[in-house]
Amino acid sequence: MRMFHVKQRDEMFHVKHGAGAVPAALGDAAEAVFGPRLDIARRYADLLAGAAVERGLLGPREADRLWDRHLLNSAAVGELLESGERVVDIGSGAGLPGIPLAIARPDLEIVLLEPLLRRSEFLTEVVAELGLAVEVVRGRAEEPRVRGQFGGRDAAVSRAVAPLDKLTKWSMPLLRPDGRMLATKGERAPDEVEAHRRVMEASGAVDVRVVTCGANYLRPPATVVLARRGKPTQARRRASRLADRRTR
């Protein structure tokens, strides 16, 4: 086991080299997704298998399925993003999906938003160690400070953070009109959309649908709830229709 020191940090990372090695069955997919930055992805996988598990940011059982369940699953959302888009990762946790996205798509401008101190400190250390051009912000999406500083994003990504009703309320104010919420969910995503569709529409979400990403290399592929932030007039009309239905 080797230890390395992140500049200007008092804390040491414990890295289990090889613990995050790419499984042979996923080697071609990892090379296709991460390209010349695959070595950075490997280093991040080592950090997840070591420091993230030791600090309680990732369950110990997750270390055996890092690549398909976490790295490739997170990076797959990049299929829905255009070059140069400004992205905020809401509730980034151990850096998922934001860090795999930043590794696979260095053309994106990514902010990792995380409210908990120990997680935001971990993210800051990882970003510095991997040399990523990513901003880490400690805060909550619903805070006026965060909305004022990071509103108007092209996309808000998230992964296993909260139910869709809450997630939509957090995401929409951080988006520009026509910006997209991309929420990675499980196989029950269609049921969750149906359960929360009215609240989502009342929060300004339009064109809500479920899509899949990474179908060429993930089994099962990543399931993503995609919703666009409607323009103010659209949002008002939809909210008005919802109010009318409720009073009938």
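## A tour from helix H7 to two cis prolines

Start with the whole protein chain in view: nine helices and nine strands make up its secondary structure. Keep in mind that this is a predicted model. Of the 248 residues in the protein chain, 50% are buried. If you look at contacts with a separation of 6 or more, 66% of them join residues 24 or more positions apart.

**First stop: threonine 168.** Select helix H7, residues 164–171, and pick out threonine 168 within this helix. Is threonine 168 buried or exposed? Its relative accessibility is 0%, so threonine 168 counts as buried. Now show the side chain: one of its polar atoms sits 2.6 Å from the backbone oxygen of leucine 164. Leaving aside residues up to four places away in sequence, threonine 168 touches Pro173, Met181, Met200, Ser203 and Ala205.

**Next: the H7 and H8 pair.** Add helix H8, residues 189–202, to your selection; the axes of H7 and H8 are 8 Å apart and meet at an angle of about 40°. That angle makes H7 oblique to H8. Turn the view to follow the crossing, which is right-handed. Which residues does H7 bring to H8? They are Leu164, Asp165, Thr168 and Lys169, and on the H8 side you will find Glu192, Val193, His196, Val199 and Met200. Colour this contact by residue class and you get four nonpolar, two polar and three charged residues.

**Then: glycine 27.** Move to helix H1, residues 27–34, where glycine 27 is found. Its relative accessible area is 18%, and because buried means under 20%, glycine 27 is buried. Draw a distance from its C-alpha atom to that of tryptophan 67: the two are 9.6 Å apart, with their positions 40 residues apart along the chain.

**Backbone stops.** Most residues other than glycine have a negative phi, and most peptide bonds are trans. Here are some places to inspect with that in mind.

- Select aspartate 178 in strand E7, residues 175–185. This aspartate has a positive phi of about 75°, and aspartate 178 is partly exposed at 26% relative accessibility.
- Go on to aspartate 207 in strand E8. Its phi is also positive, about 55°, and aspartate 207 is partly exposed, at 35% relative accessible area.
- Select proline 97, in the loop between strand E3 and helix H4. The peptide bond from leucine 96 to proline 97 is cis, with omega near 10°.
- Finish at proline 220, in the loop between strands E8 and E9. Arginine 219 and proline 220 are joined by a cis peptide bond, with omega about 0°.

Definitions and conventions. Residues are numbered from 1 along each chain as its sequence is written. This is a predicted model: local features need pLDDT of at least 70, side-chain atom pairs count only at pLDDT 80 or more; totals for chains, interfaces and linings use all residues. Side-chain values use heavy atoms; hydrogens and water are left out. Helices (H or I, at least four residues) and strands (E, at least two) are DSSP runs, numbered from the N terminus. Buried means under 20% relative accessible area, exposed over 50%, partly exposed in between (1.4 Å probe, protein chains only). A polar contact is a pair of N or O atoms within 3.5 Å; within protein, one must be able to donate a hydrogen and the other to accept it, and residues adjacent in sequence count only if both atoms are side-chain atoms. Contact means heavy atoms within 4.5 Å. Axes are lines fitted to C-alpha atoms, for helices over the stretch in contact, and angles run from 0 to 180 degrees between N-to-C directions. Angles under 35 degrees count as roughly parallel, over 145 as roughly antiparallel, 65 to 115 as roughly perpendicular and the rest as oblique. A crossing is left-handed if the near helix is turned anticlockwise from the far one by less than a right angle, and right-handed if clockwise. Ala, Val, Leu, Ile, Met, Phe, Trp, Tyr, Cys and Pro count as nonpolar, Asp, Glu, Lys and Arg as charged, and the others, Gly among them, as polar.
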